[in-house]
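Got the viewer open? Load the model and keep the selection tool handy, and we'll go through it one stop at a time.

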Amino acid sequence: MKKEDIVKLISAEGMEFVIDKEAAMVSQTIRNMLTSPGGFAEAEHGEVTFPEISAVILEKICQYFYWSLQYSRGKETEFHIEPELTLELMMAANYLHT
Amino acid sequence: MENKTIGLDKGWDYMQKGITKLKRILEGLPEPPFTSEEYMMLYTTIYNMCTQKPPHDYSQQLYDKYREAFEEYITSTVLPSLREKHDEFMLRELVKRWANHKVMVRWLSRFFHYLDRYFIARRSLPTLNEVGLTCFRDLVYQEVHAKVKDAVITLIDKEREGEQIDRALLKNVLDIFVEIGMGQMDRYEDDFEADMLQDTGAYYSRKASSWIEEDSCPDYMLKSEECLKKERDRVSHYLHSSSETKLSEKVQNELLVAYANRLLEKEHSGCRPLLRNDKVEDLSRMYRLYCKIPRGLDPVANIFKQHITAEGTALVQQAEDATSNQVNFIIILLV
């Protein structure tokens, strides 16, 4: 995989999740950050830190990105969410504009 | 997620640091670009300040502070730098400041994006983008547009006299007029186009009155055609395309319509001599120039009719005098 096509999402505990850029762009917030011209450091390094999102939530979010891409291509499966995660997941989704 | 609330002052303090950093980058001062952490922290601060429970819900204040940030930057930095320059330098400075401003709007909108999503939608307020543009329009554009328009028209007249001017600069300046209308052409039309047309009319009227004295009809027409072509060229290079018809009409008016009679009736080179001497190229130019003007061909057609009548009568006379031979008569008529 070419270096330009992946991004690294870093959770509050420091755990790193490496995903495709295309998947990350599902989130408007991340998309804005990566596509703005004029010297955003992470546009070059391809990493984004989220000091407020825990690793478990971030993992679920990454899974969501991929599921969302699949869904838009026609594969209509279900996305299962554990009830305990729901509240935090929704807040993270709000934050990330997903 | 964060549980402690952030006070407005503390939160805004943090934002202010980010905004100052942005301003330094825009001014070209040495400043490391934003890192992902800084961006996220700025965005997160806004997010937190907006999602806290009232009375700590600072959305309204943040919206006002956003506008204030622009106003402050404009009044303290942008306006003074524009006021101290004139003419072409002022135009360059304006273009630079406008580009800067657009970048600033884009970045601050990203930071404050959370406001856009909920607060603004709920209250149907103008978006952050619009607020930014409005600030520039009300503070900067209002003050300088008259001077800008004069500077631009001076440059256009210079170009008409044959001097080289910076066309790219003019295009950028005129784009500002169009963009600041925010979807409508009224700024371009009222603040620039109207005066430009008037000045064009005056310019060509002066030129025409001197040319009509000195030049023959074909020469005058050549010059008119040249001018029309140059003006069309000008539109394609930097004026807005909507100006083309109005500009052509104005030029045609001043050069061709106002002096139509004098031109065509010229003693040794007007329409009649051209017809008599079969100057096809000049005649076709005359047709090309006048056919675009409504009813412009009427005087030409009149003269043409008179010419044919005169020639025809002369021929009839000739034929009658020469011989009563029917065949010859017909042949002479037909040739």
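What follows is a walk from the sheet in chain A, through its helices, over to chain B.

**Before you click**

This is a predicted model, where local features need pLDDT of at least 70, side-chain atom pairs count only at pLDDT 80 or more, and totals for chains, interfaces and linings use all residues. Residues are numbered from 1 along each chain as its sequence is written, chains are lettered from A and ligands numbered from 1 in the order in which they are written, and side-chain values use heavy atoms, with hydrogens and water left out.

**Stop 1: chain A as a whole**

Select chain A and show it as a cartoon. You should find 5 helices and 3 strands; here helices (H or I, at least four residues) and strands (E, at least two) are DSSP runs, numbered from the N terminus. Follow the chain along its sequence and the pattern reads β-β-α-α-α-β-α-α.

Now switch on the surface. Chain A exposes about 5,500 Å², with carbon and sulfur atoms supplying 55% of that; the areas come from the Shrake-Rupley method with a 1.4 Å probe, and for residues only the protein chains shown count as cover. Of its 98 residues, 42% count as buried, where buried means under 20% relative accessible area, exposed over 50% and partly exposed in between (1.4 Å probe, protein chains only). Take the contacts in chain A with a separation of 6 or more: residues 24 or more positions apart account for 61% of them. A contact means heavy atoms within 4.5 Å.

**Stop 2: the sheet**

Which order do the strands of the open sheet in chain A take? Color the 3 strands and you can read it off as E2-E1-E3, with mixed pairing. E2 and E3 of chain A are the edge strands, each pairing on one side only. Two strands pair if DSSP finds at least two bridges between them. From one strand to the next, the twist averages 25°.

Pick residues 6-10 and 16-20 of chain A, which are strands E1 and E2: 5 bridges link them in the antiparallel sense. Show the side chains and step along the pair:

- A:Ile6 has A:Asp20 of E2(A) as its bridge partner.
- A:Lys8 is bridged to A:Val18 in E2(A).
- A:Leu9 sits opposite A:Phe17 in E2(A).

Stay on A:Leu9, since there is another partner to see: in E3(A), A:Leu9 is bridged to A:Val48. Strand E3 covers residues 47-49 of chain A, and 3 bridges join it to E1(A) in a parallel run.

Next, click A:Gly14. The hairpin of E1(A) and E2(A) has 5 residues between the strands, and A:Gly14 there takes a positive phi near 100°.

**Stop 3: two helices of chain A**

Select residues 55-72 of chain A. This is helix H4, which lies across E1 and E2 of chain A and runs at about 10° to E2(A). Add H5(A): the two helix axes come within 10 Å and cross at roughly 65°. That makes H4(A) roughly perpendicular to H5(A). For reference, angles under 35 degrees count as roughly parallel, over 145 as roughly antiparallel, 65 to 115 as roughly perpendicular and the rest as oblique. Axes are lines fitted to C-alpha atoms, for helices over the stretch in contact, and angles run from 0 to 180 degrees between N-to-C directions.

To see the meeting place, show A:Ile57, A:Lys60 and A:Ile61 from H4(A) against A:Glu88, A:Leu89, A:Ala92 and A:Leu96 from H5(A).

**Stop 4: across to chain B**

Keep H5 (residues 86-96) of chain A and add H2 (residues 36-51) of chain B; they pack at an angle of about 115°, with axes 11 Å apart. On the H5(A) side the contact uses A:Met91, A:Asn94 and A:Tyr95, and on the H2(B) side B:Met40, B:Tyr43, B:Thr44 and B:Tyr47.

**Stop 5: a residue inside chain B**

Is B:Phe111 buried or exposed? Select it in helix H4 (residues 87-111) of chain B. B:Phe111 is buried, with a relative accessible area of 1%. Its touching residues, not counting those up to four places away in sequence, are B:Met15, B:Phe34, B:Tyr39, B:Leu42, B:Tyr43 and B:Ile46. Try a distance too: the C-alpha atoms of B:Phe111 and B:Met41 are separated by 9.3 Å, though 70 residues apart along the chain.

**Last stop: one more helix pair**

Select H6 (residues 128-160) and H9 (residues 217-237) of chain B, which pack at about 135° with axes 12 Å apart. H6(B) and H9(B) are therefore oblique to each other. Show B:Ile156, B:Glu159 and B:Arg160 in H6(B), which meet B:Lys230, B:Glu231 and B:Arg234 in H9(B).
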